[in-house]
Amino acid sequence: MGFLVLFVGFVMAFGALAGVAYVCDLALQAFRKTRAPKPPPEDLLRARAETSKARFIRQAQQELDEKNRARAEAERQKQLALVAELNQQEGGHRTKDKRFGVATSATGSKATSAQQETLASGTGLRQRKAGTGGQQRAAAQAGSETELERLRREQDREYALSLQRDQTKAAEVKAERDAKEQVQRRRAALEASLPAEPAEGTGCTVVFKFPGGKSATRRFLPTELVQVLYDFCGSLGYDELRYQLCTSFPRASLDTKTITLAAADFTGRVALHCEEL
């Protein structure tokens, strides 16, 4: 009677330890889920993209302003050089008039008419230069507006591509996280559906050999189905949709999962290979 009480106490203690280990495993999984990195929200991605867009527009506008200032300065220098040249020509004509001021009235009238023609030609030249400069300024302004539009189109295109890349990356991260969670849920469900492992010395012992040199050993009852073997492998991450079980000798795959282990001639100690399909 004392031995029976001791055995019952041992079984209860073992069950309590198994329950504590299971609760600790669940708590560890929950902690890992909370510590898993999360992708940045779409609002943050959109705000970053808007900030990059505004920065690019400011840089483009600054470059255009510098180009316009450089063109305006070059145009002003050209106009100053033209005015200096015209003033030099007019100064030369005044010197000639003073030198030949003692000439006759006829000669003076001819000189006056020559000065008038020179002044008229200089005025026409200034007007033509001014017209040419205005046309150049208008063309430069139109060119700057066209370049600004091109830069804006390129910036919009880059913004759209950046937003698309961010959305694609977020979708990939979410899909990967969902797939991992689904695998974990399936493994937990398969582990919970497994029947209790029989005591040592009863049933048959199956040694599973997995890819990469890993192995696992578990006992099963002869009345259990072959499907239980696949469920055990699935609880370890080797899903039956991707892996199959094969006997060592004779070499054969366990395709029929609805028969019992006794019908499959599983007695004593059996070795099975888990191979990828």
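User: Why are Phe210 and Tyr238 called buried?

Analyst: Phe210 and Tyr238 are both buried. The term applies because buried means under 20% relative accessible area, while exposed means over 50% and partly exposed lies in between (1.4 Å probe, protein chains only). The structure is a predicted model, in which local features need pLDDT of at least 70, side-chain atom pairs count only at pLDDT 80 or more, and totals for chains, interfaces and linings use all residues. Residues are numbered from 1 along each chain as its sequence is written, and side-chain values use heavy atoms, with hydrogens and water left out.

User: What makes Phe210 and Tyr238 a stacked pair?

Analyst: Rings of Phe, Tyr and Trp (its six-membered ring) pair if their centres lie within 6.5 Å; planes under 30 degrees apart are stacked, over 60 edge-to-face, and the rest tilted. The count by this rule is six aromatic pairs. For Phe210 and Tyr238 the centres are 4.3 Å apart and the planes 10° apart, so both limits are met and the pair is stacked. The partners come from distant parts of the chain, Phe210 from the loop between S1 and S2 and Tyr238 from the loop between H4 and S3, 28 residues apart.

User: Why is the pair of Tyr238 and Tyr243 called edge-to-face?

Analyst: The ring centres of Tyr238 and Tyr243 are 5.2 Å apart and the planes meet at 80°, which is over 60, so the pair is edge-to-face. Tyr238 and Tyr243 are both buried. They belong to one aromatic cluster with Phe208, Phe210, Phe220 and Phe232.

User: How do you know that Glu240 and Lys257 form a salt bridge?

Analyst: A salt bridge requires a side-chain nitrogen of Lys or Arg within 4 Å of a carboxyl oxygen of Asp or Glu. The closest N and O atoms of Glu240 and Lys257 are 2.6 Å apart, so the pair qualifies. Glu240 is in the loop between H4 and S3 and Lys257 in the loop between strand S4 (252–253) and S5, 17 residues apart. The pair is part of a network of salt bridges that links Arg186, Asp239, Glu240 and Lys257.

User: Why are Glu240 and Lys257 called partly exposed?

Analyst: Glu240 has a relative accessibility of 21% and Lys257 a relative accessible area of 23%. Both values lie between the limits for buried and exposed, so both residues are partly exposed.

User: What makes Asp231 a buried charge without a salt bridge?

Analyst: Asp231, in helix H4, is buried, and the nearest side chain of opposite charge, Arg186, is 6.1 Å away. Lys and Arg count as positive and Asp and Glu as negative, with His and the chain ends not counted. The distance to Arg186 is not within the limit for a salt bridge, so none is assigned to Asp231.

User: Why is the set that includes Phe208 and Leu272 called a nonpolar core?

Analyst: A nonpolar core is a set of buried Ala, Val, Leu, Ile, Met, Phe, Trp, Tyr and Cys residues joined through side-chain atoms within 4.5 Å. The largest such core has 22 residues, and those with the most contacts inside it are Phe208, Leu229, Leu245, Phe266 and Leu272. Helix H4 gives the largest share, six residues.

How values were computed:
Helices (H or I, at least four residues) and strands (E, at least two) are DSSP runs, numbered from the N terminus.
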